[in-house]
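Reader: I would like to go through this model with you and ask what stands behind the terms used for it. Could you take me through the reasoning step by step?

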Number of protein chains: 2
Amino acid sequence: MMTPGPGLNRTLLPKGFSAGAINSGVRRYRPDLGIIISDVPSVAAGVFTLNQCKAAPVIFSQARVPSDNIRAIITNSGQANAATGDTGFERNLMMVSAAAKSLGCSIDQVLVASTGVIGHQLDTDKILPAIPELIERAHETAEAFASAIMTTDLVPKTATNELQLSSGSVRITGISKGSGMIHPNMATMLGYIISDVKISKDFAHICLKTAVDMSFNMISVDGDSSTNDCCFLMANGASGVELKTEEDILKFQTAVNELSIFLAKSIAADGEGASKLVEVEIIGSDDKEIAKRAARGVTLSPLIKTALHGEDPNWGRILARLGAEQVPADQLAKMSLSLQGVKIFENGQPLAFVRDEVKALLKQSNIFIKIDLKSGDVRQTAWGCDLSKKYVEINTEYS
Amino acid sequence: MMTPGPGLNRTLLPKGFSAGAINSGVRRYRPDLGIIISDVPSVAAGVFTLNQCKAAPVIFSQARVPSDNIRAIITNSGQANAATGDTGFERNLMMVSAAAKSLGCSIDQVLVASTGVIGHQLDTDKILPAIPELIERAHETAEAFASAIMTTDLVPKTATNELQLSSGSVRITGISKGSGMIHPNMATMLGYIISDVKISKDFAHICLKTAVDMSFNMISVDGDSSTNDCCFLMANGASGVELKTEEDILKFQTAVNELSIFLAKSIAADGEGASKLVEVEIIGSDDKEIAKRAARGVTLSPLIKTALHGEDPNWGRILARLGAEQVPADQLAKMSLSLQGVKIFENGQPLAFVRDEVKALLKQSNIFIKIDLKSGDVRQTAWGCDLSKKYVEINTEYS
């Protein structure tokens, strides 16, 4: 089963992959440049932010996937290379070229992502000279790379999964970062899912999109969609194992989904200033779009987020948000609402719940809000976090 | 010209109107019940929240406007009477009936609004006995009523305007409250615009809707649309002055617009925990909907709100939000962005602005963000506020 990566664990990469990290000097002390390398040309798919203000690396990478000929993804942190004009594109290309040269491959075989402050030009004077050593240092675990892409994240986010398929076993490893400006629309801030399975680039794209829609696209820290969101899936076939049966395909897709949800929840739980992971599950809906919007709306509401921070079962705010997200009035009139498994509202009436008991349950660091609209079979889950003074502090003093 | 009401000013009501307030005992110490009365049957229009979870008073009032036969609007604070089921409707009707009885008019001549905590049943045992004295106390100024409808507001919000028309003068007085759960969609939390002008109920409705769309519907404190938003326009004709010419109509509409914008800005400036009023003006757009969404998006972004709270000219967050709101990439590439009148970004490039100078300008309590998309004649303004630890504090400890 899935092994969470943070802490003292070592997260092994799939066969034929290595990853490295280095401090190039853009940030103080912390690693700020990372790379994931496949020994052989790899299938790669990507999904990217729908923000109209796309960073240079997003535009560069988006033009190159899906592909069956990718060798590496290089990523820098500290500078987003967004809103940097032509100079931004030039410097992005310089970084990619330097990586390709050190790897001995062509520019078209290297993908790229950036994260950090918007509007600063890439400090290529520091980044370029560090690339040869970055590549030399690459090794078979994920933690160093995961640390290099962190910004306001408190913990590196990795997970890995060994999967038995009909003709052998494959490994899937995921790495991500999040923390602020998290309201992904087609992709998270940065996510990397890599495997040694042998699949086509078309399947890689469908598989990634399916997983992202139910995971990274359903989390929100602050409702601000980033200029730099990217999520990649690389599969290099180094295990020699293919998806031969329908069961293999389902197993692999399920594993990618689970990995993505695990990473997405890690991002929500480590949202800027967050002390609680909030899971909102809507069941019994008759409309997928409304269910999605409603589940996400609850995770977005600053009033609900602050109430949960204060361990306050102020369910009226949840009802108000569902109505604001256009859950139909007749469904609101019959729905039930549970907090931490305790039903507190149903059929248009608050239930006689024991307030102190629910308050005590809200002290836990995992909050479950369950809403049954009693109108159909559609269900949708979204994840978010509470809103604390710490969030305000972090973002008041950021740039 | 317009005289702001708060503070020591006395805001006079138009002819034939009176207003009153009382503490019924629902809230401690503070007045919690108010009424606006017209001596004669008055034209009344209303716009209401689009939230699907509508409070009982919203459903009651919405069914009765526009009308030319309204005598009063009664309003309680502390209890929203939302998500209260059939009991909520019954108790709302009891409150309206008691007011109608004391006024000697029919139930259909009384409108009603509520504001406060969602999900608590109206404390009619306290409210009903207080109504006769509430009505006895009614007098010709607006401040007492404005105080009675406040929740987390720090200042009462009133304004009045004497208007010279072709056949005489009329007065327009506005009263509102806001503070939290402010992201109006068709109406603000609570707004009352009353005049002694003589107009039809149809014109009253159009006039109110026009004003609300450019004022209350363009403010946001926290992006949470309330269950109780209502905005009313009452015009009782007591001045005997009609709108006789096109110029009269324009003058009157402009005055209602200005009053509404003044009150809307007062709500944004007094947003929960706010220390700054933020005005976002978009010019040069070619699409009204995108301009609206973009202007509002900037006022909504917690990252921009916290940066402004920290007096940090972090313009990248503004650009990111414009892109997230789907301002087209080609417009982002040529647009200019000014903070406090200083141009800091244009043609895809940050300008060499003096950071310390802009930081100093951001210490002011009125923040102006101006965005020129250089693509058309459409302009749109939205108002919001900064996001502080105080907001988190207020809403962590609310219910």
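**Contacts between chains and domains**

Author: Gladly. Across the interface of chain B and chain A the rule finds two salt bridges. Please keep in mind that this is a predicted model.

Reader: Why is the pair Lys389(A) and Glu393(B) called a salt bridge?

Author: The N to O distance between the side chains of Lys389(A) and Glu393(B) is 2.7 Å. The cut-off is 4 Å between a side-chain nitrogen of Lys or Arg and a carboxyl oxygen of Asp or Glu, so the pair qualifies.

Reader: How many residue pairs are in polar contact across the interface of chain B and chain A?

Author: The rule finds 16 such pairs, both residues being at pLDDT 80 or more. On the side of chain B that touches chain A, the elements giving two or more residues include helix H2 (85-103), helix H9 (315-324) and helix H12 (389-396) of chain B. H9(B) supplies the largest share of that side, eight residues. Sorted by class, the side of chain B has 22 nonpolar, 23 polar and ten charged residues.

Reader: What area do chain B and chain A bury between them?

Author: About 4200 Å², with 56% of it on carbon and sulfur atoms. Gln52(B), Leu303(B) and Lys389(B) supply 15% of the area that chain B buries against chain A, more than any other three residues. As for the residues in contact, 55 come from chain B and 55 from chain A.

Reader: Let us turn to chain A itself. Which domains is chain A divided into?

Author: Chain A has domain 1 (3-269) and domain 2 (277-396). Their centres, taken over C-alpha atoms, are separated by 32 Å. The contact takes 17 residues from domain 1 of chain A and 16 residues from domain 2 of chain A.

Reader: What area is buried between domain 1 and domain 2 of chain A?

Author: About 1300 Å² is buried there, and carbon and sulfur atoms give 62% of it. In domain 1 of chain A, Met218(A), Ser220(A) and Lys265(A) lose the most area to domain 2 of chain A, together 43% of what that side buries.

Reader: Lys265(A) has a salt bridge with Glu279(A) as well. What makes that pair count as one?

Author: The closest N and O atoms of Lys265(A) and Glu279(A) are 3.7 Å apart. That is within 4 Å, so the pair counts as a salt bridge. Between domain 1 of chain A and domain 2 of chain A the count is one salt bridge. The rule also finds three residue pairs in polar contact across this interface, both residues at pLDDT 80 or more. Helix H5 (201-214) and helix H6 (246-269) of chain A each supply at least two residues of the side of domain 1 that touches domain 2. The largest share of that side, four residues, comes from H6(A).

Reader: One last residue, then: how do you know whether Ile194(B) is buried or exposed?

Author: Ile194(B) has a relative accessible area of 2%. Buried means under 20%, so Ile194(B) is buried. Ile194(B) lies in strand E8 (residues 190-195) of chain B. Leaving aside neighbours within four places in sequence, Ile194(B) is in contact with residues including Leu13(B), Phe17(B), Ile36(B) and Met234(B). The C-alpha atoms of Ile194(B) and Thr160(B) are separated by 9.4 Å, while the two residues are 34 residues apart along the chain.

Definitions and conventions
Residues numbered from 1 in each chain as written. Chains lettered and ligands numbered in written order. Predicted model: local features only at pLDDT ≥ 70, side-chain atom pairs only at ≥ 80, totals over all residues. Heavy atoms only, no water. Domains from an automatic or database assignment. Contact = heavy atoms within 4.5 Å. Buried area = accessible area lost by both parts, 1.4 Å probe. Polar contact = N/O pair within 3.5 Å; in protein donor to acceptor, adjacent residues only side chain to side chain. Nonpolar A, V, L, I, M, F, W, Y, C, P; charged D, E, K, R; others polar. Buried < 20%, exposed > 50% of the residue type's maximum accessible area, 1.4 Å probe, protein only.
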